[in-house]
Amino acid sequence: TLGRDLLLSDTHGAVLRVDTNGRVLARWTLPERLFGGISVAPDGKTIYALAATRVYRIDPATGAINSWPLSAPTTALGDPYQAILALDAHRIAITNLGLHRLDLYTPDGTSLGAWGKHGIWPGEFQQVGSLARDAHGQVYVCDFDGRVVQRFSPSGKINALYWSPDDDEVD
């Protein structure tokens, strides 16, 4: 959301700002398809949109759009980047399915390292998925294969696990 407005994206590269009555207030069209979602910086000053090979930054006040390239995949997975989350005004997290981690970047695309690695222990991921942030800056990471949601502090320390019951009896 951006204030009380909702942001939507589609696979054709459009990002829409819609009010609570469904009226389109703004539309930004990007030069490529989006499939990895969008995220708003906590201060509301930047919208980030994830494409296959780039991150787009939209200034909702001026409509200015710029972008930076993501690193080329280093694994056999062709499109490893699936979800994006603005952690704060200085850091963006992007899921990297190929390397089983969250890649961290500055708003201009400078790499800040990563959270996690492949594994089954707390702080590790089997298939990192969706991302969320709460009002306190805690980051929630869904691991689809591990059937767990891990909560990280704003500094990247794991501080909670939420897991689903084992349902092997019905598999």
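**Exercise 1.** In which strand does Trp163 lie? Determine also whether Trp163 is buried or exposed, and name the surface patch that includes this residue.

*Solution.* The model is predicted.
Step 1: Trp163 belongs to strand E15, which covers residues 158-163.
Step 2: the relative accessible area of Trp163 is 64%. Exposed means over 50%, so Trp163 is exposed.
Step 3: Trp163 joins Ile158 and Leu161 in a nonpolar surface patch of about 310 Å².

**Exercise 2.** Assign Phe152 to a strand, classify Phe152 as buried or exposed, and list its contacts beyond four places in sequence.

*Solution.*
Step 1: strand E14, residues 148-152, contains Phe152.
Step 2: Phe152 has 2% relative accessibility. The cut-off for buried is under 20%, and therefore Phe152 counts as buried.
Step 3: with neighbours within four places in sequence set aside, Phe152 is in contact with Trp115, Gly123, Phe125, Gly137, Gln138, Val139, Val141, Lys157, Ile158 and Asn159.
Step 4: take one of these partners, Gln138. Phe152 and Gln138 are separated by 14 residues in sequence, while their C-alpha atoms are 5.7 Å apart.

**Exercise 3.** Identify the residues that touch the most other members of the largest nonpolar core, and then examine Leu102.

*Solution.*
Step 1: the largest nonpolar core has 14 residues, and those touching the most other members are Leu87, Leu102, Trp115, Leu131, Val139 and Val141.
Step 2: at least two residues of this core come from each of strand E8 (81-86), strand E10 (101-105), strand E12 (128-133) and strand E13 (139-143).
Step 3: not counting residues up to four places away in sequence, Leu102 touches Ala93, Ile94, Thr95, Gly113, Ala114, Trp115, Val128, Leu131 and Val141.
Step 4: as a general background, nonpolar side chains tend to be buried together in soluble globular proteins.

**Exercise 4.** Describe the protein chain as a whole: its secondary structure, its compactness, and its surface.

*Solution.*
Step 1: the chain has 15 strands and zero helices.
Step 2: its radius of gyration is 16 Å, close to the 16 Å given by the globule rule for 171 residues, so the chain is as compact as a globular protein of that length.
Step 3: along the principal axes, the C-alpha atoms fill a box of roughly 50 × 35 × 35 Å.
Step 4: of the 171 residues, 41% are buried.
Step 5: about 9,100 Å² of the chain is exposed, with 53% of that area supplied by carbon and sulfur atoms.
Step 6: for contacts between residues at least 6 apart in sequence, 30% join residues at least 24 apart.

Technical notes. Residues are numbered from 1 along each chain as its sequence is written. This is a predicted model: local features need pLDDT of at least 70, side-chain atom pairs count only at pLDDT 80 or more; totals for chains, interfaces and linings use all residues. Side-chain values use heavy atoms; hydrogens and water are left out. Patches are made of residues with over 30% relative accessible area and no salt bridge: like charges are joined within 9 Å, nonpolar side chains (Val, Leu, Ile, Met, Phe, Trp, Tyr) within 5 Å. Accessible areas come from the Shrake-Rupley method with a 1.4 Å probe; for residues, only the protein chains shown count as cover. A salt bridge is a side-chain nitrogen of Lys or Arg within 4 Å of a carboxyl oxygen of Asp or Glu. Helices (H or I, at least four residues) and strands (E, at least two) are DSSP runs, numbered from the N terminus. Buried means under 20% relative accessible area, exposed over 50%, partly exposed in between (1.4 Å probe, protein chains only). Contact means heavy atoms within 4.5 Å. A nonpolar core is a set of buried Ala, Val, Leu, Ile, Met, Phe, Trp, Tyr and Cys residues joined through side-chain atoms within 4.5 Å. The radius of gyration is taken over C-alpha atoms; the globule rule is 2.2 Å times the number of residues to the power 0.38.
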